Each structure stands twice: as C-alpha cells, then as structure tokens.
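Grab a pencil and work through a few exercises on the model below. Try each task before you read its solution.

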Amino acid sequence: MADSLRRLVNTASFSVLQDKLESWYKDYHAISCDQNLNRCCELVELTSRIQGQLFTILNLTAREGGHYAGVDVLKSRLLPWLGASFSMATSSVTNDTSLNLIQETVEKERRIRELSASHENDMQKMETQLCSARLHLDTVKQELEDAHQQLDDTKNISATTLLATEDEILQLKAELREAHDQIEIYKRKLVVLGDYEKQVQLLKDEVSFLTAEKSMLQERLVRSRSPSPLARRSLASSPLRSESPTRAQLTNSSRHARLVSRFSDLYAVERLEAQSLLRRYIDDLEMVQRIIFIATVEAFQAAKLAYRKFRLRVRKTLSPSHLVQETLEDSVVDYIVRNLDLYDVQASVNDVINVMNVNPRISFPPEVDLVLISSFIRETCRVAFAMQTLDPPLDLAFTSDGELYSDSKYRRSYDSEFTAPLVVYHVWPALLEGDAVIVKGEAVTRRGALWRSSRSCSPVRSRNGSPTRTLGFSGSRSPSPGRLSTSRL
C-alpha cells in the first residue's frame, strides 16, 4: 500500500489534472466544441485513473487492517458518497449543486481537521494539566506525610504531658480530700463547740439548782440542829416541798419544743429514708407505709415500757435519801433527764423488731429483715423515751383502721379520696399532749375502708412462720398496734 501511495505522489496526477483544467479554461472559447469534448473526456479519463489508483490503495489499506478494521469509516464515508454519486447520476443535478456539495465536503473536511487539531491541542493541555496535578498530588502527599509525622510527635508530647497532668490531678485530688477532711474536722469541732455551749448552759442551770438546793439543805440543817425534838418530829412528818425548781422543771419548755421539732423531723426525714430503703425490696407502697407506721407505734410503746422500768429502778435507788414523796418524784425525773444516755435503746429496738416479725397485719418477703430500718426505730425510741420526762408527757393518739376521719388529728395523703369519711390505714400517728393534738398525723381515706380493713386483717403467715399469733386473730378483727402493745405491756 505504501508503494502505490508513493507512486501516486510521485506522478503528481492531481497537479497534471489541475494544469489541464487551467489550460482548458483558458482555451475554452477559442477552440471548437469537439475539442472541448475531447479535453473533458481526457480529464474524465485522468480522473478515473486517479480514482482507480485510490480505490486500489483503499483496498490494500482495508486488507492490511483485517476483517473488521475500517468498517466504520467505510460505512460513514464511502458508502454514503457512492450512494449519493449514483443518485446524482440518475437525477438531474446541476453542476452548481455538485460544486456546492464538493465545497461543503471540503469545508467539512477542513472543519474536521481543525477539530482534530484543537482536540490534539486540548489533549496536550490536559496531559500538561495532568502532569501538573500529579506533581501537586505528590507535593500534597509529602505534606501529608510531614503532617502525620508532626501529629505523631505531637501525640508523643501530649502523652507525656497527659501523664504529668494526671499526676497533678491525682495530687490535687489528694489535696482536695485532705481539705474535705479538714472541713469535716472543723465541722465536728463546731458541733462539739455547740455541745459545749449547751453543756455550759446546762451547768449554769445546775449551779442555780444546786445553789437553791444548798440553801434548802442549810435551812434543814439549821432546823435539824434545833434542841426541840418535837420540832424535829414535826419537820420529818410534815410534807415539805422545795420551792426551788429542778433542772427538769427549768428545761421543760425547751425540751418540749425540741422534742416536738424532732418528732416532725422523724416524719419529714427519717421516715422517707426508711420508706426509700424498704421500697427497694417491697413493691407495695401501702405495705411499706403500714410497716413504718407500726414500727413508730411499737417504738413508742417499747420506750414507754422502758421508761417505767427505768423510773422504778431510779426511785428504788433514791428513796432511802428522801423522806418526802413529792421531792422524790422530782428527783427521779431530774435524774432521768440528766442521764438519758443510760437508756438501753438497743433493747427497745430488738423488742420492736421481734413484735413486728409476728405482727399479722404486715407481710414482706422472707429475705427482707426489719433490721434495715433499725436506725429509724432507734431514733423514734429515743424521742419517745425523752417525751416521757416532760410534764405532762407526750404520747401518740389511739388509731384503728376503719375509724372515722378527723381533720383535727390527721391530714389526708395525696392519693386519698377526699370525700371518703373512713380511714383505710395510717401513714403517721398524731402526737398528743393530754387530750390536745399538737402535731397532726397522716392518713389514707378511701371508700370501702371497712371492707378493705377486714381483708387486711385476714390471717397472714408471719415472717418467722409461727402459727400461734396468726391463729389467735383468725375470724376476728385484728387489733391496732396500740392495742397489741398495751396488752403486751
């Protein structure tokens, strides 16, 4: 194919064709018609020979490309041109139209060449940009590696700094704990200082009391030294009473206010703490409130019993040194007020827990031990024991499930039915001074209270499994905690 193309180039057939066309154009009007036809036929023959050589080169090129190479070009360029040539041969197409078509073809080929050149320029530009992008990418990769290296170095430095910071934090925490400990020590010292101030005040009261007692004893001593035996007999037989008040009498009002406030704190603080503690093991809120209420009532009963026993022991101890019964009672109460710490509160707590373990009105899982609320019972016993030293003593109001609700004794709980007249169960007892209510209790009122109360008094097996107490109340209404404790006393 290359040889044929080289021969075609060497013969310069198109140059010859162009020269003949120019010569014919110059001589067209000078020569005859036959000569013009001869020259036209000569040009056609020359054109056909050139076309034959081009078709030969086309054939050889197609063979060198294989079976499928150049198919698209033949379909898009040669076949449409041949079809157009045959159609033009058969139709009446003028020379001007064919020249226009040739010019359009040449123009299209020129545009194709220009597009090809611009495409090659664009490709070169894109390759140049791609090379620059690759260089930039390499630069970015290098910067990224440097950044990673710096990050690793920073991490190492940060780790070292973090270790040092953690040591400082631990040291600061230790210093903070020491500061808290010192604050606690200072608080304890403040509490002790407050206790010292109270003790100083109590000692002042005692001094005044002892001064009055000293004067009384001096008067008795003067009378006892009188030579008249009749006067001594009359002095021993007459019921003289010291006019000087005892410490219990002097501090009665302040102790009364403090104990009433402490009773309110039991309801507002210790009761809620015990309730939260029991709710971890018992889901029924009503049963938890019943347990706390019964524990309060039983604690008061146990404290009153312990007070009676303690008072009997003190009276027995002080009776040989007192001739007058009234001064003996005052001395007994005064001694108990001075020595409240001699009260064996743990014995009362154990008694309350033992009584509640066999109480048929409450039930709880076997794994629950009432020792959980022993701190609440202990504080209630202490308050109840101290209330017995007042004049008059403070006590709890009598309660029973199904009783008529009284606004003077109770407040309704938030989940009560405010139109119900009867009490289903009690949350907190009322505090009495004689017959007057000084602190209201809390009760739950709902309709059908008597029916609920009869169901709640049905036999329930106690925690220790003893059937004696359970069978004792079967078929009858269970007594209130106050009645149980009273019968036990």
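A salt bridge, for our purposes, is a side-chain nitrogen of Lys or Arg within 4 Å of a carboxyl oxygen of Asp or Glu. Before you start: this is a predicted model, where local features need pLDDT of at least 70 and side-chain atom pairs count only at pLDDT 80 or more, while totals for chains, interfaces and linings use all residues. Residues are numbered from 1 along each chain as its sequence is written, and side-chain values use heavy atoms, with hydrogens and water left out.

**Exercise 1. Salt bridges**

Task: Find the salt-bridge partner of arginine 262, then say whether each of the two is buried or partly exposed.

Solution:
- Start with the distance: arginine 262 pairs with glutamate 270, and their closest N and O atoms are 2.8 Å apart.
- Next, get the cut-offs straight: buried is under 20% relative accessible area, exposed is over 50%, and partly exposed is in between (1.4 Å probe, protein chains only).
- Arginine 262 has 22% relative accessibility, so it counts as partly exposed.
- Glutamate 270 comes out at 17%, so it is buried.

Task: Which elements does the salt bridge between arginine 39 and aspartate 27 tie together?

Solution:
- Check the pair: the side chains of arginine 39 and aspartate 27 meet at 3.3 Å, N to O.
- Then place the residues. Helices here are DSSP runs (H or I, at least four residues), as are strands (E, at least two), numbered from the N terminus.
- Arginine 39 sits in helix H3 (residues 33–65) and aspartate 27 in helix H2 (residues 13–27), so the bridge links parts that are 12 residues apart in sequence.
- Arginine 39 is partly exposed because its relative accessible area is 26%; aspartate 27, at 27%, is partly exposed too.

Task: How are glutamate 114 and arginine 110 spaced in helix H5?

Solution:
- Their side chains form a salt bridge at 2.5 Å, N to O.
- Both lie in H5, four residues apart, which is about one turn of the helix.
- Glutamate 114 has 44% relative accessibility, so it is partly exposed; arginine 110 is partly exposed at 32%.
- For the final tally, the structure holds 17 salt bridges.

**Exercise 2. Helix H12 and the core**

Task: Is H12 mostly buried or mostly exposed?

Solution:
- H12 (residues 374–387) has 14 residues and spans 20 Å from its first C-alpha to its last. That is close to the expected 20 Å (1.5 Å times one less than the number of residues).
- Now count cover: 10 of the 14 residues in H12 are buried, including Phe376, Ile377, Cys381 and Met387.
- Cysteine 381 is buried because its relative accessible area is 0%.

Task: Which residues have the most contacts inside the largest nonpolar core?

Solution:
- A nonpolar core is a set of buried Ala, Val, Leu, Ile, Met, Phe, Trp, Tyr and Cys residues joined through side-chain atoms within 4.5 Å.
- The largest one has 55 residues, and its best-connected members are Phe263, Ile291, Met356, Ile373, Ile377, Met387 and Leu431.
- Helix H9 (285–318) is among the elements that each supply at least two residues, and H9 gives the largest share, 17 residues.

**Exercise 3. Cysteines**

Task: How many disulfides does the model have?

Solution:
- Apply the rule: a disulfide is a pair of cysteine sulfur atoms within 2.5 Å.
- The count is zero.
- Take cysteine 40 as a check: the nearest cysteine sulfur belongs to cysteine 41 and is 5.8 Å away.
- Cysteine 40 has 31% relative accessibility, so it is partly exposed.
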